[in-house]
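Student: Could you walk me through this one? I'd like to begin with the ligand.
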Amino acid sequence: MKLIKLNTPSQLVIGDGSLAQFFEDFGKSGHQRLFILSIPVIRPLIENYILKLEEDGIAVQINEQIAAEPSFAEVEQILDEAKTFGADAVAGIGGGSVLDAAKFIAAQLQNTQTTAEIIGIGNLQGRSTYLACLPTTAGTGSEVSPNAIFLDTTDNEKKGVISPFLMPDAAYVDPLLTVGVPPAVTAFTGIDAFTHCLEAYINRFAHPVVDRFALEGMKLIYKNLKKAYDHGDDLEARAAVALGSVYGGMCLGPVNTAAVHALAYPLGSKYKIAHGLSNAVMLPYVLEYNLPAAVDRFSDIAQALGLNGYTYKEDSAKAAIWAIKEWIVSMNIPLKLSALSIPETELEDIAASALKVQRLLRNNVREITFDDALDIYKRAF
Ligand SMILES: NC(=O)c1ccc[n+]([C@@H]2O[C@H](COP(=O)([O-])OP(=O)(O)OC[C@H]3O[C@@H](n4cnc5c(N)ncnc54)[C@H](O)[C@@H]3O)[C@@H](O)[C@H]2O)c1
């Protein structure tokens, strides 16, 4: 068996009430100055817990400036604020954008490396500030991944800081935090989580351990996301998708994603299309491209999705892709780049940009050249 290293947070708390558990644990942790990154919509849910920490003598500062998908420049500014505050602990309570920012800030508070020096795989040399992540979308799985992704405004590309030091000390996954996520964001972020699982399963570096997370995650999300989209207060569906998102995050460190994410990135960096939506739109087209290289694996996915009764693997593999397409459309996501106001004349530039994401393209089961990428974008247009 291939060797695999699995990193997880030292403490992973999952279930209703995890939010309260975080504040209880934090109060006992001995840290004195907590810097929280969050979003305004979450404030009413955390206000009382913060007051309690302050009554107990712990200083708390909150930053709620990150709207969505921050750049390195934005998080560097917030880092200055955390430094001035003298934080000895950082918590991210938000979607992937907030969690990634919290990871960056916790890592850089005491670090002498510059941002440019930590971009890439394994370049960050350490992290000495405590870090907790509490996802409010389901989601990126960032709370259990070693990744943090930002826009580099110098060349308008999305880039990752990938390091085991970005694995939070603790993750608290409270599905109740996701109840207020609007339907469209529920759909985008859920399909992102599904894609993490799928791309880890159909991957040159797939591994039997991660395969279990991937299949279970796809099953949970496929079965429950539409329910959570239709009825945001369906707690069972929210919990299932939140759990699926954790499984998706656990796929990211050891195996990671592939061409769907690589081809989705430029849509985010160049046209500000939300990360999950970019993935959702590209997903069927990349799967169709990958199909000949992974018929058996697509057929396994068909079974995980409950699509049984096919005699031939080719047929069940195709059925899986067809079902995923229908599922995405059922949540009112357009499967056309033209519907996202992306100009056809830009497709070559977009393909050139995607080709730079070799850290993910090298995971893809089928090689993708510039012409292949362009062809995939043309079919998606
Ligand atoms: N680190 C990783 O492993 C990893 C993995 C995948 C994606 N990412 C990154 O994460 C970012 C995307 O994160 P995301 O998809 O979670 O979206 P997001 O964090 O950008 O949030 C999307 C929107 O939903 C809102 N929102 C979040 N939680 C809410 C709630 N409970 N109620 C109401 N509104 C809420 C946010 O304010 C925002 O407007 C991208 O930058 C992407 O590159 C990171």
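Tutor: Domain 1 (11-178) and domain 2 (183-380), whose bounds come from an automatic or database domain assignment, each supply at least three residues to the shell around the ligand. Keep in mind that this is a predicted model, in which local features need pLDDT of at least 70 and side-chain atom pairs count only at pLDDT 80 or more, while totals for chains, interfaces and linings use all residues. Residues are numbered from 1 along each chain as its sequence is written.

Student: How many residues surround the ligand, and which are the closest?
Tutor: There are 31 around the ligand, counting a residue if its C-beta atom, placed from the backbone, lies within 6 Å, and G95, G96, S97, S142 and S145 are the closest.

Student: Which element gives the most to that shell?
Tutor: That is α4, with four residues; helices (H or I, at least four residues) and strands (E, at least two) are DSSP runs, numbered from the N terminus. At least two residues each come from α4 (96-108), β7 (147-152), α6 (183-201) and α10 (275-290).

Student: Switching topic, where does G57 sit, and is G57 buried or exposed?
Tutor: G57 lies in the loop between α2 (43-55) and β3 (59-63). G57 counts as exposed because it has 8 C-beta neighbours inside 10 Å, where 12 or fewer means exposed, 20 or more buried, and in between partly exposed, with C-beta atoms placed from the backbone.

Student: And what share of the chain is buried?
Tutor: Buried residues account for 51% of the 381 residues.
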